Amino acid sequence: MNAGLLVSGAVAALFASALPAQHSPSGITDPPPDKIVIDVATVNGSGCPLGTAAVAVSEDNTAFTVTYSDYLAQVGGGSSPTASRKNCQLNLVVHVPQGFTYAVASADYRGYASLQAGASGTEKASYYFQGSPNTASRTHTFRGPYEDNWQATDQTDWAQLVWAPCGVQRNFNINTELRVSAGASAPAATSYMTMDSTDGDISTIYHLAWKECPGR
């Protein structure tokens with residue numbers, strides 16, 4: 001995994017749909033003409049063992065992508081009881097140009113699910129800044145029979161965005177979870193759910209938005 005990813009350009013947004021500049025509410029500005037740096041402080045969880053997750057920032061700094069290669073939850077058959085739930089906690093240090101702050105406006109998740117009749121799979125994500133009591137969470141559930149790619153988008157009203165505090169360095173935490181329940185499906189039948197892309201890696205895109213700090 002890359003520990004420090006340097007990109008020239010904008011600043012980020014945290015959990016709602018990214019709005020075009022011409023439609024942004026007052027106080028929202030175009031990305032600043034400066035650098036943004038995202039350092040991966042820690043990556044922990046059963047869904048992202050060491051070396052199986054990476055973070056990359058887009059060239060225009062309007063999004064960053066987290067890629068996984070071993071994120072799978074399953075039940076049934078000979079599955080271990082602990083295999084039904086997998087999670088990954090990302091702790092990111094986001095260095096923002098002076099005078100600006102960010103929040104995650106939206107997040108796109110995708111993967112593949114093979115769920116037997118009676119089984120279900122759930123994807124959940126939580127977003128929060130270190131030391132802040134405000135946590136934004138979203139849950140998406142898929143029910144069997146299901147044998148296909150899946151996609152989920154988290155969005156929040158603009159007024160409910162949780163912005164990074166101005167002038168203070170706070171680590172940004174993203175906790176994702178996959179959970180599969182056998183439900184009424186046959187015990188011998190296997191159901192599973194992954195977060196992945198067509199090449200077998202899990203790619204999650206977080207769309208960013210920027211705001212000038214007061215008094216700038």
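A polar contact is a pair of N or O atoms within 3.5 Å; within protein, one must be able to donate a hydrogen and the other to accept it. The exercises below use a predicted model.

**Exercise 1. Find which side chain makes a polar contact with Asp154, and state whether Asp154 is buried or exposed.**

Solution.
- Step 1. Locate the residue: Asp154 sits in strand 10, which covers residues 146-155.
- Step 2. Look for a partner: the side chains of Asp154 and Tyr127 are joined by a polar contact of 2.8 Å.
- Step 3. Look for a salt bridge: a side-chain nitrogen of Lys or Arg would have to lie within 4 Å of a carboxyl oxygen. The nearest side chain of opposite charge is Arg138, 5.8 Å away, and Asp154 has no salt bridge.
- Step 4. State the burial: Asp154 is buried.

**Exercise 2. Classify the ring pair of Tyr127 and Tyr206, and say which strands the pair ties together.**

Solution.
- Step 1. Take the geometry: the ring centres of Tyr127 and Tyr206 are 6.1 Å apart, with 80° between the planes.
- Step 2. Apply the cut-off: planes over 60 degrees apart count as edge-to-face. The pair of Tyr127 and Tyr206 is therefore edge-to-face.
- Step 3. Place the residues: Tyr127 belongs to strand 8 and Tyr206 to strand 13 (residues 202-212), so the pair ties together parts that are 79 residues apart in sequence.
- Step 4. Check burial: Tyr127 has a relative accessible area of 0% and is buried. Tyr206 is buried too, with a relative accessible area of 0%.
- Step 5. Widen the view: ring pairs link Tyr127 and Tyr206 with Phe64 and Tyr109 into a cluster.

**Exercise 3. State how many aromatic pairs the structure holds, and work through the pair of Tyr102 and Phe129.**

Solution.
- Step 1. Count: there are 10 aromatic pairs in the structure.
- Step 2. Classify: the planes of Tyr102 and Phe129 stand at 75° and the ring centres are 5.6 Å apart, so this pair is edge-to-face.
- Step 3. Place: Tyr102 is in strand 7 (residues 100-115) and Phe129 in strand 8 (residues 120-129), with their positions 27 residues apart in the chain.
- Step 4. Check burial: both Tyr102 and Phe129 are buried.

**Exercise 4. Find the disulfides and give the handedness of each.**

Solution.
- Step 1. Count: a search of the whole structure gives two disulfides.
- Step 2. Take Cys48 and Cys88: the S to S distance is 2.1 Å. The angle about the S-S bond is 100°, and the link is right-handed. Cys48 lies in the loop between strand 2 and strand 3, while Cys88 lies in strand 6, 40 residues apart. Cys48 and Cys88 are both buried.
- Step 3. Take Cys166 and Cys213: the sulfur atoms are 2.2 Å apart. The torsion about the S-S bond is about -95°, so this disulfide is left-handed. Cys166 lies in the loop between strand 10 and strand 11, and Cys213 in the segment after strand 13, 47 residues apart.
- Step 4. Check burial: Cys166 is partly exposed at 32% relative accessibility, whereas Cys213 is buried at 12%.
- Step 5. Write the pairing: with the bonded cysteines numbered in sequence order, the pattern is 1-2, 3-4.

**Exercise 5. Describe the largest nonpolar core.**

Solution.
- Step 1. Size: the largest nonpolar core has 41 residues.
- Step 2. Contacts: the residues with the most contacts inside this core include Phe64, Tyr127 and Tyr206.
- Step 3. Contribution: strand 7 gives the most to this core, six residues.

Note on methods:
Residues numbered from 1 in each chain as written. Predicted model: local features only at pLDDT ≥ 70, side-chain atom pairs only at ≥ 80, totals over all residues. Heavy atoms only, no water. Phe/Tyr/Trp six-rings, centres within 6.5 Å; stacked < 30°, edge-to-face > 60°. Helix = DSSP H or I, 4+ residues; strand = E, 2+ residues; numbered from the N terminus. Buried < 20%, exposed > 50% of the residue type's maximum accessible area, 1.4 Å probe, protein only. Lys, Arg positive; Asp, Glu negative; His and termini not counted. Disulfide = S-S within 2.5 Å. Core = buried A, V, L, I, M, F, W, Y, C linked by side-chain atoms within 4.5 Å.
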